[in-house]
Amino acid sequence: MLKISSMRLSKLASAVLVTSAALSAVSAGAGEVEVLHYWTSGGEAKSAAELKKIMQAKGHVWKDFAVAGGGGDNAATLLKSRVVSGNPPSAGQIKGPAIQEWAAEGVLANLDATAKAEKWDSLLPKVVADVMKYKGSYVAVPVNVHRVNWVWANPEVLRKAGVVGMPKTYDEFFAAADKIKKVGLIAVAHGGQNWQDFTTFESVALGVGGVKFYHEALVALDPKAIGSDTMVKTLETFRKIKGYTDAAAPGRDWNLATAMVMKGEAGFQFMGDWAKGEFMAAGKVPGKDFLCAAAPGTSNAFTFNVDSFAMFKLKSPDAQKAQGDLAAAIMGPEFQEVFNLNKGSIPVRLNMKLDKFDDCAKLSSKDFVDTAKSGGLQPSVAHGMAISPAAEGAIKDVVSQFWNDNKITVADAQKRLLSAASTK
Ligand code: BGC
């Protein structure tokens with residue numbers, strides 16, 4: 001991701017590729033909401049369609065601006081080009097510290113009127129509300145709470161391999177992975193893209209080092225923690241996992257990796273719970289066709305990833321009205337339920353009934369509440385919730401280089417991480 005504040009938008013204009021899609025886009029008209037998002041896989045598209053339905057039912061015109069590419073890097077680039085050319089969409093899928101960077105550019109709309117009317121302050125966990133505000137005013141609206149530190153499994157593959165229960169430690173995990181390999185199947189379905197590499201890496205750091213280490217090394221970017229023996233163990237464990245992936249992993253999309261687990265070609269996948277949305281969209285039943293568990297060693301922790309939409313300043317009063325309606329709809333109980341049932345996440349709105357949700361979601365909700373009290377609730381770095389986009393990009397690159405090149409030693413990777421962590 002590009003760091004916005006280091007390159008003012010005017011300068012950025014020359015740096016970004018303005019694609020034909022961006023050029024041909026017309027500005028949002030009255031009652032129209034143009035929504036830029038990256039929900040294009042089966043489960044994601046089903047979820048996004050629910051928002052479209054609700055907005056259409058309110059009489060608005062939905063203009064879909066979907067940009068394929070898991071993790072949203074492509075979407076972020078296109079969004080920049082649209083804003084730079086003075087033609088922002090109504091809403092863009094932006095989250096975490098990037099919201100602050102966009103707000104600092106002066107391009108985001110103030111949502112306080114909607115937030116006040118809808119009582120967002122009392123409906124959101126404070127840790128989430130704070131991320132949505134810039135200088136005390138709402139500029140973005142949250143959609144959900146995804147948990148990142150999950151591992152997914154195919155129970156039939158585990159049965160064939162003679163693996164009983166989900167692994168709770170890395171010793172158990174590697175023992176299970178060996179058994180799966182022995183029966184000729186792929187132990188770990190992985191998509192080799194840097195956000196997916198880091199999704200695995202941060203879960204390993206959390207499982208190997210615990211919450212305090214995760215926080216110090218990856219959130220606070222403390223050189224002592226990055227240079228520690230625990231980081232050595234994290235990198236070694238991470239590299240060992242690679243030995244259980246298949247040769248076709250590089251470049252693979254995350255949902256194709258999920259499909260490998262679904263089809264019984266692979267045993268496990270490390271991925272956030274949008275993977276559950278994928279299983280569900282294919283008609284799979286949790287607990288029967290697929291299993292969910294906290295990644296090894298992380299049951300007392302919760303790496304959160306809150307999807308949100310930032311709203312851009314628009315000129316036309318009708319477009320502003322539609323935008324306010326969109327913000328209100330996103331936080332409304334109807335959307336929060338139906339969207340999250342499809343997306344694999346849990347509602348971000350507090351006090352929602354979870355009767356219709358499955359056991360993975362109920363576990364997520366319980367752990368969200370418990371870890372908020374214990375300190376185990378931590379922002380996901382891989383999903384843009386923790387550190388500046390510039391530092392995030394730099395440490396992601398190091399981790400992926402280490403994953404892809406066995407010649408890079410653990411000590412080298414540690415040194416590179418130290419220097420990447422100081423990226424401003
Ligand atoms: C987003 C999810 C999305 C996933 C895969 C994550 O960063 O938060 O909403 O499903 O990437 O694209």
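Three exercises with worked solutions follow.

This is a predicted model, in which local features need pLDDT of at least 70, side-chain atom pairs count only at pLDDT 80 or more, and totals for chains, interfaces and linings use all residues. Residues are numbered from 1 along each chain as its sequence is written, and side-chain values use heavy atoms, with hydrogens and water left out.

**Exercise 1.** Find which strands pair with E7, and in which sense.

*Solution.*
- Strands (E, at least two residues) are DSSP runs, numbered from the N terminus.
- Pairing requires at least two DSSP bridges between two strands.
- E7 covers residues 144-147.
- Strand E14 (residues 346-347) runs antiparallel to E7, joined by 2 bridges. Here Val 145 faces Ile 346.
- Strand E12 (residues 302-305) is also antiparallel to E7, over 2 bridges. Here His 146 has Asn 305 as its bridge partner.

**Exercise 2.** Sort the residues of E7 by the way they point.

*Solution.*
- In a regular strand, side chains alternate between the two faces of the sheet.
- Asn 144 and His 146 point one way. Val 145 and Arg 147 point the other way.
- All are buried (under 20% relative accessible area, 1.4 Å probe, protein chains only).

**Exercise 3.** Identify polar contacts to the ligand, then state how much of its area the protein buries.

*Solution.*
- A polar contact with the ligand is a pair of N or O atoms within 3.5 Å.
- A polar side-chain atom of Lys 343 lies 2.7 Å from a ligand oxygen.
- For a polar side-chain atom of His 383, the distance to a ligand oxygen is 2.8 Å.
- Gly 71 uses a polar backbone atom, 3.0 Å from a ligand oxygen.
- Alone, the ligand exposes 310 Å², and the protein buries 100% of that (Shrake-Rupley method, 1.4 Å probe).

How values were computed
Buried < 20%, exposed > 50% of the residue type's maximum accessible area, 1.4 Å probe, protein only. Helix = DSSP H or I, 4+ residues; strand = E, 2+ residues; numbered from the N terminus. Polar contact = N/O pair within 3.5 Å; in protein donor to acceptor, adjacent residues only side chain to side chain.
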